[in-house]
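Which charged side chains pair in this protein, and how are its cysteines and its nonpolar surface arranged? The report below takes up these topics in turn.

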Amino acid sequence: MSSTSSSAVPADQRVGGHRRSSPPRNRTLVAALAITQTIGYGTLYYAFAVFLVPIAADLHTSTTAVTGAFTASVLTSAVLAVPIGRWLDRHGGRTLMTCGSLLGTVLLVAWSHVGRLWQLYAVQIGVGAASAASLYEAAFAVIIAWHQPQRRSAALLALTVVAGFASTIFLPLTGWLTDQHGWRTALLILAGIHAVTAPLHATTVRHPPPAGPHPATRHRDAGTRAVRAALADRGFWLLTAGFTAHTMAISAYTVLLIAALTTWGHPPSFAATIAGLLGVLSVAGRLVTTGLQRRYRITTITAGVFAIQAAAALLLPAVGASTSGAIVAVVGFGLGFGVATIAKPVILAERYDTRRYATLASVLVAPMALAKAGAPLVAAALHTATGSYTPVLAAIAACCAVAATALGACSRPTAAA
């Protein structure tokens with residue numbers, strides 16, 4: 001279906017067959033989700049990096065073995081992406097996100113009591129399931145379902161700008177708690193903080209309202225046709241390839257940046273400070289991207305940002321030994337750090353019938369999650385084989401270039417029926 005024919009369906013009824021609620025209620029929803037996503041990412045995702053060394057020491061194992069548990073968590077999220085997407089399209093996010101939040105809280109408590117490596121892996125697999133049910137992809141599906149097209153970008157921006165500070169808040173908080181009380185007590189405190197997410201999801205993420213009167217919204221197979229049409233579109237697979245390549249670049253860059261800077265002679269404190277800028281820069285990049293949408297297509301903006309990141313990754317080995325050079329190169333890369341997060345849901349919602357938004361998003365996200373889990377291992381192997389970070393950064397630049405090319409090749413947004 002063309003974008004013209006799609007617009008014949010009233011905007012307040014076309015997405016998932018849902019009527020939109022009033023803007024004040026939507027603002028409450030976005031505010032609540034911003035809080036839950038900040039806490040969720042801070043406790044279920046970013047805190048792991050702080051606990052890595054103390055857990056390895058306490059369990060008398062290697063940091064590599066402990067890191068494998070985190071990889072298992074990410075892989076679990078990838079495996080569950082499609083079934084969770086289907087659930088969201090059929091039932092909405094209230095029950096799923098509430099249960100995911102409750103599970104996350106319970107698992108943080110269980111994590112504090114692990115005594116063996118296999119127990120850590122079991123907990124992290126559960127954390128992967130809780131994350132898939134309660135973090136960004138579920139929240140995006142709720143935002144898309146409850147907002148009119150002209151309000152989506154602002155709602156997504158508000159959500160991701162706040163949640164973009166999760167690492168800035170929770171990394172130092174978790175470090176301080178661990179220093180003061182040990183990692184086990186720190187986890188119990190984080191579990192207490194995370195506990196507030198379940199009631200927020202239960203009270204603000206409402207059940208999907210009845211379908212609108214338009215006949216198309218009452219056909220069960222309409223959503224299935226929408227998925228088939230999107231999967232038959234070359235542009236969908238270009239988006240998948242582009243965002244997957246970009247995820248590989250981001251994941252590898254995050255892991256190796258501090259090690260590379262210290263190898264080039266910078267003090268660890270400077271390297272950690274520079275790496276910490278990535279969270280703040282990701283917010284700046286999202287603000288710039290949203291502002292530019294008034295004048296340019298989102299695919300064009302995203303492709304341009306990815307191209308800048310490719311250049312910045314290539315520049316880092318050449319100038320990274322100097323303080324100013326390292327700052328310039330990291331800032332250039334960091335401005336695109338969070339752009340994919342906000343661009344992906346906007347592009348999908350613009351291009352395709354959103355009655356099955358969550359299903360389509362999950363198909364796209366599954367390979368991204370696999371790339372996120374595997375890229376650091378590939379980067380580490382490449383560094384070990386070459387003894388240098390230059391080939392690794394060249395590979396990161398190549399991934400960004402592929403992502404820019406794929407996004408740039410996408411056609412003008414159209415809606416599939």
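What follows describes the salt bridges, a glycine in a helix, the cysteines and a surface patch of a predicted model.

**Salt bridges**

Side chains of opposite charge can pair when their charged atoms come close. The structure holds three salt bridges, and their distances between N and O atoms are set out here.

| Basic residue | Acidic residue | N to O distance |
|---|---|---|
| Arg-184 | Asp-58 | 3.3 Å |
| Lys-344 | Glu-137 | 3.0 Å |
| Arg-351 | Asp-233 | 3.0 Å |

Arg-184 forms its salt bridge with Asp-58; because Arg-184 belongs to helix α10 (residues 183–194) and Asp-58 to helix α3, the pair ties together parts that lie 126 residues apart in sequence. Arg-184 counts as partly exposed at 28% relative accessibility, and Asp-58 counts as partly exposed at 34%.

The salt bridge in which the side chains of Lys-344 and Glu-137 meet links distant parts of the chain, with Lys-344 in helix α17 (residues 339–351) and Glu-137 in helix α7 (residues 136–146), 207 residues apart. Lys-344 has a relative accessible area of 3% and is therefore buried, whereas Glu-137, at 27% relative accessibility, counts as partly exposed.

Arg-351, which forms a salt bridge with Asp-233, lies in helix α17, while Asp-233 is found in the loop between α12 (220–231) and α13 (234–263), and the two are 118 residues apart. Arg-351 is buried, with a relative accessible area of 0%, whereas Asp-233 counts as partly exposed at 21% relative accessibility.

**A buried glycine in helix α3**

Gly-40 lies in helix α3, which spans residues 23–58, and at 1% relative accessibility Gly-40 counts as buried. Leaving aside neighbours within four places in sequence, Gly-40 is in contact with Tyr-45, Leu-135 and His-194. The C-alpha atoms of Gly-40 and Ala-130 are 9.5 Å apart in space, although these residues are separated by 90 residues in sequence.

**Cysteines**

The count of disulfides comes to zero. Cys-399 is in no disulfide, since the nearest cysteine sulfur, that of Cys-400, is 7.0 Å away, and a disulfide requires the two sulfur atoms to be within 2.5 Å. Cys-399 counts as buried at 19% relative accessibility, whereas Cys-99, at 45%, counts as partly exposed.

**A nonpolar surface patch**

Val-288, Leu-292 and Tyr-296 make a nonpolar surface patch of about 270 Å². Of these residues, Tyr-296 lies in the loop between α14 (268–292) and α15 (298–319), and Tyr-296 counts as partly exposed at 43% relative accessibility.

Note on methods:
Residues are numbered from 1 along each chain as its sequence is written. This is a predicted model: local features need pLDDT of at least 70, side-chain atom pairs count only at pLDDT 80 or more; totals for chains, interfaces and linings use all residues. Side-chain values use heavy atoms; hydrogens and water are left out. Buried means under 20% relative accessible area, exposed over 50%, partly exposed in between (1.4 Å probe, protein chains only). Patches are made of residues with over 30% relative accessible area and no salt bridge: like charges are joined within 9 Å, nonpolar side chains (Val, Leu, Ile, Met, Phe, Trp, Tyr) within 5 Å. Accessible areas come from the Shrake-Rupley method with a 1.4 Å probe; for residues, only the protein chains shown count as cover. A salt bridge is a side-chain nitrogen of Lys or Arg within 4 Å of a carboxyl oxygen of Asp or Glu. Helices (H or I, at least four residues) and strands (E, at least two) are DSSP runs, numbered from the N terminus. Contact means heavy atoms within 4.5 Å.
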